[in-house]
Amino acid sequence: MPTQVFMPQLGESVVEGTIGKWLKKEGDRVEELEPLLEVNTDKVDTEIPAPASGVLLKVLAAEGATVKVGQAIAVIGEEEAPPSTNGHDTDAGTQIAARVAPAHKRELGFISPVVAKLADEFKVDLYQIKGSGLGGRITKKDVLAYIEAQKTVPAPAPHIEAPARQPATNGGATHLPADKPPTTAGVPPAPEVIPVEGIRKLIAEHMVRSKHTAPHVTTVFEADMSRVLAHLEQNQAAFARDGVKLTLTAYFISAIVAALRAVPIVNSQWVEENGAARILLKREINVGMAVALDEGLIVPVIKRADEKSLLGLAREINDLAQRARAKALKADEVQGGTFTLTNHGVSGSLFATPIINQPQTGILGVGMVQKRVVVLEGDALAVRPMVYLTLTFDHRVLDGASGDRFMQVVKRTLEGWGRA
C-alpha cells in the first residue's frame, strides 16, 4: 500500500516549509528513516527521513515550493512487477534490452518502466551502465548520472574546409596572404550564471520585503571599549576553565539587554490589520545574532537574554554559532527574535547601515574595534579602542529621540563596564 509523505511541523510556530532539495528522485529506492529531502524553514535546512521503505513513486512538491504543514509532498510504494504474456516479456524494459547489441554477455536483470522510458527517450545503451541498486539493478539515478556524464564528453570539432587563398599582386609581384588565426578581440567572455536558490534566495526575499515594509533610519554612535577589553582579558581564562570562549559579542548583547529594559518601545513590533495599526510591546527579550555562513547569514536567537549572566550568554553564543556553521540548528532556534545584533566588524568593517530583521523594530550594527585618537575632558588627547555602533530602526515605531536614548544606554553600559 502506498505511503504518503507529509510536510512535517519543524517547530511550534512553523506553519509551512520550503522544499530545499530532494535527496532521492522518482524511481529511486529508499529505506525507512533514510534521508529523503531537505526542508528549509527560516534559513534552517532540515533533513526529512522517509516514513517507509520502498520506491519514491511520485514527487508532489518541486524544489523551491513552499508547502503548508500537513500537506502531502511525495508518495512511497512498490513498483508493479513487469507484466508477461505466454512466457514472452512485453514490458518496456525487455524492449530496451532487445534493442541493445546481442554481443553483450551480462544480463541486465529487471529494468523498471521508469528506467526503460529514460533509456528509450535518451537513446541510452543500458549495457554501458553499471547498476547501483540491489543485486546490481540499474536505477533511474544510474541512468540520469550516465546521461549527465555524457554531456561533459567533448564533441568532435567540425571539419571546415579552408577557403582557397587568392594571390595578391603588388607592383607586379605575387604574394600569398599569411595564415591568420580567428580573433575574438572586443568580444567579452560570457558571464558565469549563478542560480539564486536556498538560503541566498530566502535572504534576498526577506531583505527586499523589509525595505519595502519599514521606513529605515540609522543613527550612529561611538563607544570607548577600554573597560570592556580590560574585563575580557581578566576573565577569558576563568571562562575557558568552564569550557566557554568569552568574546565581545556577549558584552554587546548585555548592553542591548540593558538598553531594551530602559527603552522598552524598541523591543516591539508594528502590526497592521484590517486598516488599523498597532504596536505590540514584547514582554520577552529575545536577541538574535547574525552568523555568517558561506551562502549567507543566519540569525539564531538567544531566548530570554535578560535572564542570563555574562557567562550564560557567552555559553549560548558559542553553542548557537557552532551549530549554525554546522547547519545543525532547529527551526525554533531562529524564530521569535525581538531585536537583532549584527557584528560586521569581524571582517574589518568600521560601520554599516544594516537592514531591519522583520518584523522587529531595530537592529544594532557593531563595527571593528580600532584604536583612535580621541579628545578627553580638558582637551587632552589620548589613544583609545573605539567602536562605531549603528542603530537602524523602523521610523513608524521610533523617532530619533527614542532611538538615541536606546543608543545612549548601550554606549553607557559598554564604557562603564564593571564600574560600581
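**Figure 1. Pairing of strand 2 with strand 4 in the predicted model.** In strand 4, E38 is the bridge partner of K21. The two elements concerned, strand 2 (residues 16-22) and strand 4 (residues 35-41), pair in the antiparallel sense over four bridges. The model shown here and in the views that follow is a predicted one. Strands 2 and 4 belong to an open sheet of four strands, whose order is 5-4-2-7 and whose pairing is antiparallel. Strand 5 (44-49) and strand 7 (66-68) form the edges of this sheet, each of them pairing on one side only. Between neighbouring strands of the sheet the average turn, with direction ignored, is 40 degrees.

**Figure 2. Strand 6 with its partners, strand 3 and strand 8.** Strand 3 (residues 29-30) is joined to strand 6 (residues 54-59) by two bridges, and the two run antiparallel; here R29 stands opposite V55 of strand 6. Strand 6 also pairs with strand 8 (residues 72-77), again in the antiparallel sense and over four bridges. Within strand 8, the bridge partner of L56 is I76.

**Figure 3. Helix 5, its bend and its buried residues.** Helix 5 (residues 226-241) has 16 residues, which at 1.5 Å a residue should span 22 Å, and the separation of 24 Å between its end C-alpha atoms agrees with this expectation. The helix nevertheless bends by about 45 degrees at N235. The residues of helix 5 that are buried are V228, L232 and F239, and the buried residues of this helix pack against helix 6, helix 7 (310-325) and helix 8 (400-415). An α-helix has 3.6 residues a turn, so residues three or four places apart point the same way. V228 and L232, both among the buried residues of helix 5, can be viewed with that periodicity in mind. Just after the helix, G243 takes a positive phi of about 80 degrees.

**Figure 4. The loop between helix 2 and helix 3, seen at K123 and I138.** Both residues of this view lie in the loop between helix 2 (113-122) and helix 3 (140-151), as given for I138 and for K123. K123 counts as exposed because its relative accessibility is 67%, whereas I138, at 0% relative accessibility, counts as buried. The backbone of K123 has a positive phi of about 55 degrees, although the residue is not a glycine. I138 and A116 are separated by 22 residues in sequence, and their C-alpha atoms are 9.9 Å apart in space.

**Figure 5. Backbone geometry at R304 and at the peptide bond between Q358 and P359.** Most residues other than glycine have a negative phi, and most peptide bonds are trans. R304 is a residue other than glycine with a positive phi, near 50 degrees. This residue is found in the loop between strand 19 (301-302) and helix 7, and it counts as partly exposed because its relative accessibility is 38%. The bond that joins Q358 and P359 is a cis peptide bond, with omega at about 5 degrees. P359 has its place in the loop between strand 20 (339-342) and strand 21 (362-366).

**Figure 6. Segments of low confidence, set against the chain as a whole.** The pLDDT averages 83 over the chain, and 81% of the residues score at least 70. Confidence in the chain is lowest in helix 1 (residues 92-99), with a mean of 40, and highest in helix 6 (residues 248-262), at 98. Over residues 81-102 the pLDDT stays under 50, and the model has 23 contacts beyond four places in sequence for this stretch. The pLDDT is also below 50 over residues 167-174, a stretch that has eight contacts in the model beyond near neighbours in sequence. Where pLDDT is low, the predicted coordinates should not be read in detail. As context for these segments, the chain has eight helices and 23 strands, and buried residues make up 38% of its 420 residues. Among the contacts in the chain between residues at least 6 apart in sequence, 58% join residues at least 24 apart.

How values were computed:
Residues numbered from 1 in each chain as written. Predicted model: local features only at pLDDT ≥ 70, side-chain atom pairs only at ≥ 80, totals over all residues. Heavy atoms only, no water. Buried < 20%, exposed > 50% of the residue type's maximum accessible area, 1.4 Å probe, protein only. pLDDT = per-residue confidence, 0-100. Contact = heavy atoms within 4.5 Å. Expected span 1.5 Å × (residues − 1). Bend = angle between axes of the 7 residues up to and from the residue. Pairing = 2+ DSSP bridges. Axes fitted to C-alpha atoms, helices over the stretch in contact; angles between N-to-C directions.
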